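Tutor: Please look at the model below before we begin. We shall then work through it by question and answer.

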Amino acid sequence: MQPRNMSMSGVVDLAAVKAAQEAKAKAEQARATAAREGGGGAVSPADLVIDVDEAGFERDVLQRSTEVPVVIDFWAEWCEPCKQLSPVLERLAVEYNGRFLLAKIDVDANQMLMQQFGIQGIPAVFAVVAGQALPLFQGAAAEAQIRETLDQLVTVAEQRFGLTGLTVDPEAQPGGQEPAEAPVGPYDALLNAAAQALDAGDLTTAVQAYKNVLADDPAHPEAKLGLAQAELLQRVQGLDVQRVRKEAADRPADAQAQIVAADLDLVGGHVEDAFGRLIDTVRRTAGDDRDAVRLRLLELFEVVGGDDPRVTAARRALARALF
C-alpha cells in the first residue's frame, strides 16, 4: 500500500516559518533548562513509546495530548508493513527526545478505536494534539518523509498549541518520575521583588520581574506561576463585575464574554466554576473562538497549578470536549 500525502499544510497554518523556528528554539531551551535543574517530571527514553488500549485511551492519549503531541501507530501482528514502520517510529520517538509520545495500538485487540478513527487499512498513523485528531499517513513510508511530517507536527504543536513536549532524563527509571528539585540560582532577588510588588498591588512591576526571570530561564516553575497570577489580576483590574456577569449570562456562546467571566470566577475562588464555564464554551464554539477559550483555560491551569486535582479533572474534561 502506497503512503498517502503526508503534508499537514491542509490541516493547519504553517505560514509563519520564522516564528515557528523561534518557538522551537525556546522550547528546546526550556527542555534543556529543566533537565539541568533535575528533570522535575522527567521521563525515561523507554517511556516515550507506550502500548495503549481502549480502556487507557483517554488517560494515555487524550489527557497526555494536552502536554505533548501523541503519535498513534495502528498496527497488527500479521501486518508485514507494520513490522517495517513500527521500529522506525519507535527509534524516532527516542531520537526526538520528548517532542512527541508514540502510542502503539493493536487493532485486533482494539476494534472500537479502529472504527472511531475510520481506519480502512494498516499501518495507519495519526496524531492527537490538545485533544484534536489529525491523520498523518497510511501505509509504509520512507524515513525522510516520516521525519518531515514529524517536524511539521512538532512545529504546529509548539507554535499553535504551546506544547513543548516532555523532559527526558536518560537516568530516570522507566515508568517513574524523578522528584522535582527546588529552584536555585541568581533569581532570589527578582522573585522576592516580584512577590513584594504583587502583595502591594503593583502588578506592572510584578509582571516585569517574573518576565525577567523567564527570559533567562523559561521553565522556572515559581516564575511561571507568579506571572500567571499577576497577569490574571491585571486582566480583572477595574472590571465592572455586574456587567461582566450579565454579558456572560446573556451570551453563553460569546467566547470573549465567557473568558472574562472565567477570570472573575477564578479570582473569586470559584475554580471549578471557571474551568466548567470555559469547557462548556469550548463545546459551543469553533475555530479561532474555540482556540482562544482553550488557551485561556490552559493559562488558568497555570494559575492554579498542574498538581491540583481540579486541574487534573478539568484537563480530562477538556480532552473530551476537544475530541
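Student: Is G276 buried, partly exposed or exposed?

Tutor: A residue is buried under 20% relative accessible area, exposed over 50% and partly exposed in between (1.4 Å probe, protein chains only). G276 has a relative accessible area of 27%. That value lies between the two limits, so G276 counts as partly exposed.

Student: What pLDDT do local features need in this model?

Tutor: Residues are numbered from 1 along each chain as its sequence is written, and side-chain values use heavy atoms, with hydrogens and water left out. The model is predicted: totals for chains, interfaces and linings use all residues, side-chain atom pairs count only at pLDDT 80 or more, and local features need pLDDT of at least 70.

Student: How many helices and how many strands does the protein have?

Tutor: Both elements are DSSP runs numbered from the N terminus: helices are H or I with at least four residues, and strands are E with at least two. By this rule, the count for the protein is 13 helices and 5 strands.

Student: In which helix does G276 lie, and how far is its C-alpha from that of A262?

Tutor: G276 belongs to helix 11, which covers residues 271-284. G276 and A262 are 14 residues apart in sequence, and their C-alpha atoms are separated in space by 8.8 Å.

Student: T281 is also in helix 11. Is T281 buried or exposed?

Tutor: Contact means heavy atoms within 4.5 Å. Not counting residues up to four places away in sequence, T281 touches P252, A255, Q258 and V293. Its relative accessible area is 0%, so T281 is buried.

Student: What percentage of the residues in the protein are buried?

Tutor: The protein has 323 residues. The buried share of them is 47%.

Student: Which helix gives the most residues to the largest nonpolar core?

Tutor: A nonpolar core is a set of buried Ala, Val, Leu, Ile, Met, Phe, Trp, Tyr and Cys residues joined through side-chain atoms within 4.5 Å. The largest one has 53 residues, and those with the most contacts inside it are V71, F100, I146, F275, L300 and F301. With 7 residues, the helix that gives the most to this core is helix 5 (residues 143-161).

Student: How many residues does the second, separate core have?

Tutor: In soluble globular proteins, nonpolar side chains tend to be buried together. I50, V70, L101 and F126 are included in the second core. Its total number of residues is 30.

Student: What is the relative direction of helix 7 and helix 8?

Tutor: Axes are lines fitted to C-alpha atoms, for helices over the stretch in contact, and angles run from 0 to 180 degrees between N-to-C directions. Helix 7 (residues 203-216) and helix 8 (residues 221-236) pack at about 150°, with their axes 9 Å apart. Angles under 35 degrees count as roughly parallel, over 145 as roughly antiparallel, 65 to 115 as roughly perpendicular and the rest as oblique. Helix 7 and helix 8 are therefore roughly antiparallel.

Student: How many charged residues are in the contact of helix 8 with helix 10?

Tutor: In this contact, L232, L233, R235 and V236 in helix 8 meet D263, L264, L266 and V267 in helix 10. Ala, Val, Leu, Ile, Met, Phe, Trp, Tyr, Cys and Pro count as nonpolar, Asp, Glu, Lys and Arg as charged, and the others, Gly among them, as polar. The contact has 6 nonpolar residues and no polar ones, and its charged residues number 2.

Student: How far is the C-alpha of A319 from that of A130?

Tutor: A319 lies in helix 13 (residues 309-322), and A130 lies in the loop between strand 4 and strand 5. A319 is buried at 0% relative accessibility, and A130 is buried at 4%. The two residues are 189 apart along the chain, yet their C-alpha atoms are separated by 6.9 Å.

Student: What phi does N97 have?

Tutor: N97 lies in the loop between helix 3 (80-95) and strand 3 (101-106). At 38% relative accessibility, N97 counts as partly exposed. Although N97 is not a glycine, its phi is positive, at about 55°.

Student: Which residue is joined to P123 by a cis peptide bond?

Tutor: P123 lies in the loop between helix 4 (111-116) and strand 4 (124-129). The cis bond has an omega of about 0°, and the residue it joins to P123 is I122.
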